[in-house]
Amino acid sequence: MNSTASIDYQVFEAGNVVLQSGLTYRGARLAYKTYGTLNEQRSNAIVYCTSYAAHHTDIEFMIARGAALDPSKYFIIIPNMFGNGLSSSPSNTAPPYDKGRYPNFTTFDNVAVQHKLLSDVFGIETLQLVYGWSMGGMQAYQWAAQYPQMVQRIGVSCGAARCSPHNFVFLEGIKAALTADVNFQDGWFAAKPERGLRAMGRVYAGWALSQAFYRESMWRDIGFSSLEDFLVMSWEGSFLRRDANNLLAHMWTWQHADISDNTKYQGDFAKALGAITARALVMPSETDLYFTVEDNRREVAMIKNAELAPIPTNWGHRGGNPAGNPKDAKFLNDSLSRLLAT
């Protein structure tokens, strides 16, 4: 965990959690942060889910007075995904389930503990919205299928209801770059794999942003002096901040995401999507290379009350998390405001 001086979040002691794998994670800790005030009726809650390798601090920029995620109107909870370094993760798990024995959490497992937090700590029975980008969007879909009676709306930004085969292969590529480091031994990093983290960052940079982004040198718009400056400072630097074992754990969760992979739906993907009663706004990026518009189009067709609203952007996957990108930020904010007004 972070040092006491730097902690700006709370921790839900979830106890012993039996995972979908059949393993039990003992003493699970879910880090979360809240914004705004829960009303007397406990009816103004929003869950805002974290994305790959992200902490709440990486996504809270979208929460602001006057914005769609307005803490003066809503009680907003950001639960940190297991494996991100704040909640229970390889980097803070004690033996014998440490290192290569870390018991991976599925998206289902994550949402089940998030639900327990809302129920046990806040007594929340209704959610106005579950929103997320990328893996956060996967969790939003999971919430809507796992607890359909509770979720009124979902907003999915560059996410999916399951990891597609092509998305799985993309992740195999960045995983291979990371684990090629000499410090990867017996399924675990014995020391910080600096070369692997830098390599992973460079591979990821080619997938997360579109061809047009690079063709138009759009990295200049966010303060980088050259393409190399962008690759080193933004991509190598971002992954060097993270624990490599945590990154692997999150990749596992991402690759195994599927809202139908549970006893409730028994692998019937169409049934799981059809069970969603929440009003769904699904916002893929028009230029996303791995969470594609076509995958979302097929999902939306199987949901009772869903709208597909592609983000018109050259920012690729990053168009769905528009820090420093005011045009896409306005699109998302306006779209979420419209969703919440319905």
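Mentor: Two strands pair if DSSP finds at least two bridges between them. Helices (H or I, at least four residues) and strands (E, at least two) are DSSP runs, numbered from the N terminus. The model is predicted: local features need pLDDT of at least 70, side-chain atom pairs count only at pLDDT 80 or more, and totals for chains, interfaces and linings use all residues. Residues are numbered from 1 along each chain as its sequence is written, and side-chain values use heavy atoms, leaving out hydrogens and water.

Trainee: In what order do the strands of the open sheet of eight strands run?

Mentor: The pairing in this sheet is mixed. Two strands pair on one side only: strand 1 (10–18) and strand 10 (306–308). These are the edge strands. Reading across the sheet gives 1-2-4-3-5-6-9-10.

Trainee: Start at strand 1. Which residue in the hairpin of strand 1 and strand 2 takes a positive phi?

Mentor: Strand 1 and strand 2 pair antiparallel, over seven bridges. Val11 faces Ala31 of strand 2 across that pairing. The hairpin has five residues between the strands. Its positive phi, near 95°, belongs to Gly22.

Trainee: Move one strand on. Which residue stands opposite Ile77 in strand 4?

Mentor: Strand 2 (residues 24–35) pairs with strand 4 (residues 75–79) through four antiparallel bridges. Ile76 of strand 4 has Tyr35 opposite. Opposite Ile77 stands Thr34.

Trainee: And which residue of strand 4 is the bridge partner of Ala45?

Mentor: Here the pairing is that of strand 3 with strand 4. It is parallel, with three bridges. The partner of Ala45 is Phe75.

Trainee: How many residues of strand 4 are buried?

Mentor: Buried means under 20% relative accessible area, exposed over 50%, partly exposed in between (1.4 Å probe, protein chains only). On one side of strand 4, Phe75, Ile77 and Pro79 are buried, and on the other Ile76 and Ile78. Strand 4 is largely enclosed by the rest of the structure, because its buried residues number five of the five.

Trainee: Which residues touch the most other members of the largest nonpolar core?

Mentor: A nonpolar core is a set of buried Ala, Val, Leu, Ile, Met, Phe, Trp, Tyr and Cys residues joined through side-chain atoms within 4.5 Å. The largest one has 48 residues. The members with the most such neighbours are Ile124, Leu127, Tyr141, Trp143 and Ile154.

Trainee: How many residues are in the other core?

Mentor: That core lies apart from the largest one. Among its members are Ala53, Ala208, Trp219 and Phe230. Its count is 36 residues.

Trainee: Back to Ile124. What does Ile124 touch, not counting residues up to four places away in sequence?

Mentor: Contact means heavy atoms within 4.5 Å. Two of the residues touched, Phe75 and Ile77, belong to one side of strand 4. The full list is Leu38, Arg42, Ala45, Phe75, Ile77, Leu118, Ser119 and Met150.

Trainee: Is Thr50 buried or exposed?

Mentor: Thr50 sits in the loop between strand 3 (45–49) and helix 1 (56–59). Beyond four places in sequence, its contacts include His55, Ile78, Met81 and Gln139. Its relative accessibility is 0%, so Thr50 is buried.

Trainee: What is the relative accessible area of Gln142?

Mentor: Gln142 belongs to helix 3 (residues 135–146). Outside its four-place neighbourhood in sequence, it contacts Thr107, Phe108, Val111, Asp258, Ile259 and Asn262. Gln142 counts as buried, because its relative accessible area is 2%.

Trainee: Which residues in helix 10 are buried?

Mentor: Look first at what covers them. The cover includes helix 3, helix 9 (269–274), strand 9 and strand 10. The buried residues are Val293, Asn296, Glu299 and Val300.

Trainee: Take Glu299. What separates the C-alpha atoms of Glu299 and Ala270?

Mentor: Glu299 is buried, at 3% relative accessible area. Past its neighbours within four places in sequence, Glu299 contacts Tyr141, Ala160, Ala161, Arg162, Phe269 and Leu273. Ala270 is 29 residues from Glu299 along the chain. Their C-alpha separation is 8.3 Å.

Trainee: And how many Å separate the C-alpha atoms of Ala309 and Asn183?

Mentor: Ala309 lies in the loop between strand 10 and helix 11. It is buried at 8% relative accessibility, and more than four places away in sequence it touches Leu281, Val282, Met283, Pro284 and Phe331. Asn183 is 126 residues from Ala309 along the chain. The C-alpha separation is 43 Å.
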